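Please open the structure in your viewer and keep the selection panel at hand. The tour goes from one selection to the next and says, at each stop, what is to be found there.

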2 protein chains.
Amino acid sequence: MKIQEKQLEFKGSGENTMSKRLSGRKIAKNIYADIKENIELKKITPKLVILLIGNDPAAEYYVQNLEKKGSKIGIEVETRILDVSIDQQSLLEKIDTLNNDAQVNAIMLQKPLPSHLDESEIVMKIDSNKDVDAFHPLNMGNLVLDKEGFIPATPAAVLELLTHNEIETNGKHIVIVGRSDIVGKPLANLLLRKSDTGNATVTVCHSRTKDLAFHTKQADILIAAIGKPLFIKSDMVSDKAIVIDVGVNQIEDAEKDYRYVGDVDYEVCFEKVSAITPVPGGIGTITTAMLLNNVLIAYKMQNKN
Amino acid sequence: MKIQEKQLEFKGSGENTMSKRLSGRKIAKNIYADIKENIELKKITPKLVILLIGNDPAAEYYVQNLEKKGSKIGIEVETRILDVSIDQQSLLEKIDTLNNDAQVNAIMLQKPLPSHLDESEIVMKIDSNKDVDAFHPLNMGNLVLDKEGFIPATPAAVLELLTHNEIETNGKHIVIVGRSDIVGKPLANLLLRKSDTGNATVTVCHSRTKDLAFHTKQADILIAAIGKPLFIKSDMVSDKAIVIDVGVNQIEDAEKDYRYVGDVDYEVCFEKVSAITPVPGGIGTITTAMLLNNVLIAYKMQNKN
């Protein structure tokens with residue numbers, strides 16, 4: 001069985017007729033339960049090592065969340081904090097050691113790296129079979145060519161949401177706003193594949209697109225992944241659209257210090273559209289689960305089971 | 001300098017204001033002249049080895065053409081004909097020998113392979129630094145992520161045509177019909193790049209697309225790459241469109257045995273559109289030149305000059 005199929009094994013149960021608010025929480029819960037069951041059945045302990053350079057509060061929070069979720073489902077998540085002054089050669093050697101350590105199934109490197117490091121060389125150094133973030137070009141190539149390899153967690157989360165809600169993509173016009181290496185580009189290529197979550201007509205828009213609303217209004221499924229808070233308004237979507245919001249933006253809030261909003265103005269779009277994912281509690285919630293699922297996939301690939 | 005930039009060094013000379021018929025002949029001629037000049041200046045002999053399995057007349061014709069063009073510009077093209085009964089292991093060993101031969105800069109394997117061979121494993125075996133067809137997933141990943149690597153010859157020919165005719169892509173809506181691994185997908189990713197031939201809003205249509213004409217009529221630039229003779233008719237294009245025809249289809253002809261036509265019905269579309277490439281004499285003509293240019297790029301990569 002190919003990884004991509006494995007990655008999509010959490011099928012819609014049929015019990016969920018699609019609600020207008022496409023929550024990610026229950027989907028994530030199902031994925032965690034499936035991973036846990038799989039791990040207990042096989043009596044294994046997949047291991048992820050995260051390299052964290054320097055101390056960035058947001059990165060630390062993200063990593064602690066992964067450790068906590070991992071420990072609940074039987075995945076060992078070990079964080080190694082490296083000094084911000086680490087040089088290129090030392091970092092490459094550390095990655096090499098992890099590549100050669102059969103006990104380590106997955107390696108993540110928190111980005112962005114300090115500017116004195118050559119990020120491209122470092123990303124290429126991580127064994128593509130342990131590259132659960134799917135940053136390595138070989139994993140991107142495999143994704144485009146529909147070969148075995150990792151799918152980045154956020155695009156994988158979008159496919160899970162589609163699958164779980166039994167949202168048909170075949171022949172649908174999917175408009176993606178955003179062309180990043182980790183969301184827009186891989187998603188476009190995934191949705192073009194000859195697969196159950198593919199066969200879509202795909203349009204990719206971005207900062208250079210002229211008359212963005214002209215394109216977004218055509219979407220049967222609109223995917224927003226631009227990193228601009230509340231950017232998509234109700235006059236930019238059709239009333240039949242299914243809207244998937246990949247954005248997670250921190251904005252100031254009158255009551256709390258800040259709150260998180262998506263790239264879509266949920267409040268004004270909700271009434272108009274056919275269905276929409278909330279932020280928080282949408283794609284982001286599933287993304288963490290899909291990343292840990294990649295760790296399980298890495299274990300299986302390396303141990304052929 | 002990155003390869004991609006090198007691959008685009010044949011800039012429009014400014015002497016050509018765009019004509020309605022976008023011929024590839026002069027562009028190809030310029031590329032051959034540039035390659036030849038480069039090779040003579042550096043006193044080098046880049047070498048391409050083509051593995052041809054069995055005897056297919058079309059493949060033999062293509063290979064002989066490459067040999068002839070190569071010899072004119074100083075690229076050694078050596079064809080090795082292998083018996084159609086060759087087994088997987090023997091073929092992998094032959095590729096391994098070529099990978100390790102410093103005199104061989106580029107390796108091409110004529111496809112399709114006989115059905116008893118595992119094509120995917122064989123393609124992966126070719127050293128990605130000698131993979132001038134750019135079939136290796138690492139080259140596809142590098143293309144998507146805008147890193148150094150080979151661009152497949154047909155998409156590279158399309159970019160050359162755009163560059164030579166000074167056709168702006170920034171912010172333009174480019175509709176690609178076809179999602180093949182060697183044309184549609186790499187082209188879509190190239191046209192999305194943050195580059196002089198990128199920054200387009202890109203739509204990819206294919207056999208599953210509903211109401212194809214609805215999409216093709218929106219195109220500022222329409223690229224046909226579906227392999228269906230004369231498929232695009234005048235009611236499927238807008239009068240402002242620039243039409244690039246990647247198709248090469250053999251059809252029966254009353255006078256000769258057969259003739260070649262594109263995916264676009266050139267005769268009926270010519271009057272309507274803004275500009276259009278002919279078949280033959282359009283993209284295909286440039287493609288052969290770009291393949292040989294990839295051999296020169298391979299030499300330079302391997303010899304750091």
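Begin by selecting Thr163(A), which has its place in helix α7 of chain A, residues 153-164; helices here are DSSP runs of H or I with at least four residues, strands are runs of E with at least two, and both are numbered from the N terminus. Thr163(A) is partly exposed, with 18 other C-beta atoms within 10 Å, where a residue is called buried if 20 or more other C-beta atoms lie within 10 Å of its own, exposed if 12 or fewer, and partly exposed in between, the C-beta atoms being placed from the backbone. If you add Leu187(A) to the selection, you have a residue 24 places away along the chain, and the two C-alpha atoms are separated by 14 Å.

Before going further, note that this is a predicted model, in which local features need pLDDT of at least 70 and side-chain atom pairs count only at pLDDT 80 or more, while totals for chains, interfaces and linings use all residues. Residues are numbered from 1 along each chain as its sequence is written, and chains are lettered from A and ligands numbered from 1 in the order in which they are written.

Now select the whole of chain A, whose secondary structure comes to 11 helices and 10 strands. Its radius of gyration, taken over C-alpha atoms, is 19 Å, close to the 19 Å that the globule rule (2.2 Å times the number of residues to the power 0.38) gives for 305 residues, so chain A is as compact as a globular protein of that length. Along its principal axes the C-alpha trace of chain A spans about 55 × 40 × 40 Å, and 46% of its 305 residues count as buried.

Within chain A, turn to strand β1, residues 47-53, where 5 of the 7 residues are buried, so this strand is largely enclosed by the rest of the structure. Strand β1(A) runs parallel to strand β2 of chain A, residues 76-82, and 7 bridges join them; two strands are said to pair if DSSP finds at least two bridges between them. To see one of these positions, select Leu48(A), which stands opposite Val77(A) in β2(A).

The next selection is strand β4 of chain A, residues 173-177, which is mostly covered, with 5 of its 5 residues buried. Which residues point one way from β4(A), and which the other way? His173(A), Val175(A) and Val177(A) point one way, whereas Ile174(A) and Ile176(A) point the other. Strand β4(A) is joined by 5 bridges to β5(A), and the two run parallel, with Thr203(A) in β5(A) as the bridge partner of Val175(A).

From Thr203(A) you can cross to the other chain, for Thr203(A) stands opposite Thr203(B) in β5(B). Strand β5 of chain A, residues 201-205, and β5(B) pair in the antiparallel sense over 3 bridges. Both belong to an open sheet of 10 strands with mixed pairing, in the order β10(A)-β7(A)-β6(A)-β4(A)-β5(A)-β5(B)-β4(B)-β6(B)-β7(B)-β10(B). Its edge strands are β10 (275-276) of chain A and β10 (275-276) of chain B, each of which pairs on one side only.

With both chains displayed, look at how they are related. A rotation of 180° with 0.0 Å of shift along its axis superposes chain B on chain A, with an RMSD of 0.0 Å, where the fit is by least squares on the C-alpha atoms of residues with pLDDT of at least 70 in both copies. That is the relation of a two-fold axis.

The contact between the chains takes 27 residues from chain B and 27 residues from chain A, two residues being in contact if their C-beta atoms, placed from the backbone, lie within 7 Å. On the side of chain B that touches chain A, the largest share, 7 residues, comes from α6(B).

Finally, select that helix, α6 of chain B, residues 137-144, where 8 of the 8 residues are buried. What covers the buried residues of α6(B)? The cover includes α6 (137-144) and α8 (184-192) of chain A, together with α8 (184-192) of chain B. Just after α6(B), Asp146(B) takes a positive phi of about 60°.
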